[in-house]
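User: Please take a close look at the surroundings of the ligand in this model, and then set that part in the context of the backbone and the helix packing elsewhere in the chain.

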Amino acid sequence: MRAKSILTRTKLPGIDYTLNPYFGCGHRCVYCYVPHFLKLPYPPRPEPKENAVELLRREVLRKRPGHVLISSATDPYQPLERRWMLTQKILKIFATVKIWRITILTKSDLVLRDIEILKSIPKIEVGLTITTDREDIRRIFEPFASPISNRINALKVLKSEGIRTYAFIAPFLPMNPRRLAELIEPHVDYVLIDVMHYRRSVSKILVKYGFDFILSERWQEEVIDVLRDVFGDKLAVGSAVER
Ligand code: SF4
């Protein structure tokens, strides 16, 4: 598909633009809000925005430089990125103009492929969304995203290469929060958490697997207490972009 523009003005706190190189997402997380939000059938067929790179070349010259979130309505390192490399080409543009501030958010360790480009962008941070420490849970809820251990390793490698990193723990899936936090803590500069208000279709899946206990406010508060205990000052509550 061809897009009309690629840097989209947003009211997300702390962010000036969102940039989504793809339409839809091949990670197919069962709780994904994007098809619901865009009124698409689930799962939507993900497509590249084939003209994303040429649009960005024009728009970085025309639009006021600011803080860009890559991405808000897709995953910039979803499976299509292996073939289309739109995210990589986009980052190369930001590496040349340098004044834009970039925040990446992904569930894929494919981000490590671009580590040299990331290092050449002065104002950049990379976040990995990690929702549980359990692979069996990840396989149910995020079937085509990277395994949890790969995501934690991605944070470790990025941080060791001098890139600012964060983890986004949301939505809370069944987990041992202390174990998860202790795995993540050494490899991040900060952590964001957000409590998801599950749609009815997701609640049904939680009931089916006997995980509906995570819907209780008490369980969520207990998780937050543990995360606060481990992360201390590194922890912020809010959306992925509120800071
Ligand atoms: S990675 Fe994000 S955009 Fe992609 S399916 Fe999962 S929740 Fe949706």
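Analyst: What follows begins with the ligand shell and moves on to the backbone, the helix pairs and the confidence of the model.

This is a predicted model, and the protein has an average pLDDT of 93, with 93% of the residues scoring at least 70.

The ligand is surrounded by Cys25, His27, Arg28, Cys29, Cys32, Val34, Thr74, Asp75, Lys107 and Ala145. Sorted by class, this shell consists of five nonpolar, two polar and three charged residues. One of the residues around the ligand, Arg28, also has a notable backbone conformation, in that its phi is near 50°, a positive value in a residue that is not glycine. Arg28 belongs to the loop that runs between strand 3 (22-23) and helix 1 (34-37).

Two further backbone features concern cis peptide bonds. The bond from Ile70 to Ser71 is cis, with omega near 15°, and Ser71 is placed in the loop between strand 5 (67-70) and helix 3 (80-84). A cis peptide bond also links Ala170 to Pro171, where omega is about -5°; Pro171 sits in the loop between strand 8 (164-169) and helix 8.

Helix 8 leads on to the packing of helices. Helix 8 (residues 177-184) packs against helix 10 (residues 217-231) at an angle of about 30°, and their axes are 9 Å apart. Because the cut-off for roughly parallel is an angle under 35 degrees, that angle makes helix 8 roughly parallel to helix 10. The crossing in which helix 8 passes helix 10 is right-handed. On the side of helix 8 the contact involves Pro177, Arg178, Ala181 and Glu182, which meet Val223, Val226, Leu227, Val230 and Phe231 of helix 10. By class, the residues of this contact between helix 8 and helix 10 comprise seven nonpolar, no polar and two charged.

The other pair to consider is formed by helix 2 (residues 52-62) and helix 4 (residues 86-97), which pack at an angle of about 20° with their axes 9 Å apart. Helix 2 and helix 4 are therefore roughly parallel to each other, and helix 2 passes helix 4 in a right-handed crossing. Helix 2 contributes Ala52, Val53, Leu56, Arg57 and Val60 to the contact, while helix 4 contributes Leu86, Lys89, Ile90, Ile93 and Val97. Divided by class, the contact of helix 2 with helix 4 has eight nonpolar, no polar and two charged residues.

A last point concerns confidence in one segment of the chain. Over residues 239-243 the pLDDT stays under 50, and for this stretch the model has 15 contacts beyond four places in sequence.

How values were computed:
Residues are numbered from 1 along each chain as its sequence is written. This is a predicted model: local features need pLDDT of at least 70, side-chain atom pairs count only at pLDDT 80 or more; totals for chains, interfaces and linings use all residues. A residue is near a molecule or strand if its C-beta atom, placed from the backbone, lies within 6 Å of it. Ala, Val, Leu, Ile, Met, Phe, Trp, Tyr, Cys and Pro count as nonpolar, Asp, Glu, Lys and Arg as charged, and the others, Gly among them, as polar. Axes are lines fitted to C-alpha atoms, for helices over the stretch in contact, and angles run from 0 to 180 degrees between N-to-C directions. Helices (H or I, at least four residues) and strands (E, at least two) are DSSP runs, numbered from the N terminus. Angles under 35 degrees count as roughly parallel, over 145 as roughly antiparallel, 65 to 115 as roughly perpendicular and the rest as oblique. A crossing is left-handed if the near helix is turned anticlockwise from the far one by less than a right angle, and right-handed if clockwise. Two residues are in contact if their C-beta atoms, placed from the backbone, lie within 7 Å. pLDDT is the predictor's confidence in each residue, from 0 to 100.
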